[in-house]
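Student: I am new to this structure and would be grateful for a close look at one part of it, namely the contacts between charged side chains.

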Amino acid sequence: MSLLCLGLEGTAHSFGAGVVSSKGEVLSNIWHMLSPAEGGIHPREASRHHSDMGPGIIRRSLEEAGISHNEIQLVSFSRGPGLGPCLRTTATMARTLAQKLSVPLIGVNHCVAHIEIGCLESGFEDPVTIYASGGNTQVIAFAGGRFRTFGETLDIALGNMLDVFGRTIGMSFPAGPSIERKAAEGVEYHQLPYSVKGMDLSYSGMLTAAKKLHLEGVPIADICLSIQETAFGMLAEVAERAVAHTKKNELLLTGGVARNNRLTEILEGVAERHGASFHRVSPPLAGDQGAMIAWTGILQHQAGDELPISDSHVMPKWRTDEQDIIWRRKL
Ligand code: ATP
Ligand code: FE2
């Protein structure tokens, strides 16, 4: 018998609810993103967004899956990492549902969920994963029972760098898609700081230098092209070394920035050079949404994980490599 899990995501600006079966079928995946008129995300406003929108999104998700509340056999939620007020609002909804429906509650690591939904979609068993989003830029591989971070940004995340640069030049949030469109019109590459330190990356120097190019009157399309080529080249270098070092033969791209076609193309080249298979998570599953939380909840549940409500406090600083990946022990 297949089991149905409702997964709630609410670590930052998006609230999502998805229903996934234990066979790996995504039956629904509804989300809504708060996009601030100006400036970054305010944690309190985002948590207010989640409490206002959450109940309606959960209802729509169940409707789209064609199920009623009492057919849910498991509730999972994004327990961290993320913004405290957002995590607490989402956790409260998940606890209430689990208690009311008398079903187990599962706490999911958001970053792990980005990896596991990619493995479900691609059929990959043990990839090197590039997880690039607004809050994270990590190169990850499974070793010794955990998802280990082989390399990561030392300052700001790739998506955040794109969003902040976009904001400076008047693009709306999130700026990643607009920068990708503009870059396609660019003709001339301008040098930007290429900063790879061992297996780690730094994007803040590039952001400052790109803003300077803008002040100097360099066309926006050329700056966008230069940002993409430099930033993605840096990430590809670290990914390539991780593939060479771990000798894994699968390369996975996940997180919101996985929507970028140029980054995909560059990483496809890396995989090809090393005889590895490549997959980029499809746009509806790439960003923050509930289906990835539901699917990871199922994996954890099947491995015997359960979270007592009394112990279900949120974990705003929960790192990818701090969780024992009990469902992958066999690897
Ligand atoms: P996390 O909590 O995992 O760090 P997040 O809250 O940033 O995630 P995501 O939806 O995973 O949310 O990622 C959003 C990011 O993806 C934004 O920074 C956005 O600019 C970026 N992005 C979306 N589409 C594109 C694109 N086509 N090219 C580049 N970046 C993109
Ligand atoms: Fe995310």
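Tutor: The account below takes the salt bridges in turn and then adds the contacts of aromatic rings.

This is a predicted model, in which local features need pLDDT of at least 70, side-chain atom pairs count only at pLDDT 80 or more, and totals for chains, interfaces and linings use all residues. Residues are numbered from 1 along each chain as its sequence is written, chains are lettered from A and ligands numbered from 1 in the order in which they are written, and side-chain values use heavy atoms, with hydrogens and water left out.

A search of the whole structure finds 12 salt bridges, a salt bridge being a side-chain nitrogen of Lys or Arg within 4 Å of a carboxyl oxygen of Asp or Glu. One of them joins E116 to R328, with 2.8 Å from N to O. Because E116 belongs to helix α3 (residues 110–122) and R328 to the segment after α10 (290–302), this pair ties together parts that are 212 residues apart in sequence. Helices (H or I, at least four residues) and strands (E, at least two) are DSSP runs, numbered from the N terminus. E116 is buried, at 3% relative accessibility, and R328 is likewise buried, at 7%. Here buried means under 20% relative accessible area, exposed over 50%, and partly exposed in between (1.4 Å probe, protein chains only).

A further salt bridge connects E152 and R319, at 3.5 Å from N to O. E152 lies in strand β8 (residues 146–152) and R319 in the segment after α10, so parts 167 residues apart in sequence are tied together. R319 is partly exposed, with 32% relative accessibility. E152, R319 and D321 are linked in a network of salt bridges.

Within helix α8 (residues 261–273), R262 and E265 are 3 residues apart, and therefore about one helical turn separates them. Their side chains form a salt bridge of 2.4 Å, N to O. Both ends are partly exposed: R262 at 26% and E265 at 46%.

Aromatic rings complete the picture. The structure holds 1 aromatic pair. That pair is F142 and F147, edge-to-face, with 5.6 Å between centres and 70 degrees between planes. Rings of Phe, Tyr and Trp (its six-membered ring) pair if their centres lie within 6.5 Å, and planes under 30 degrees apart count as stacked, over 60 as edge-to-face and the rest as tilted. F142 is buried at 7% relative accessible area, as is F147 at 4%.
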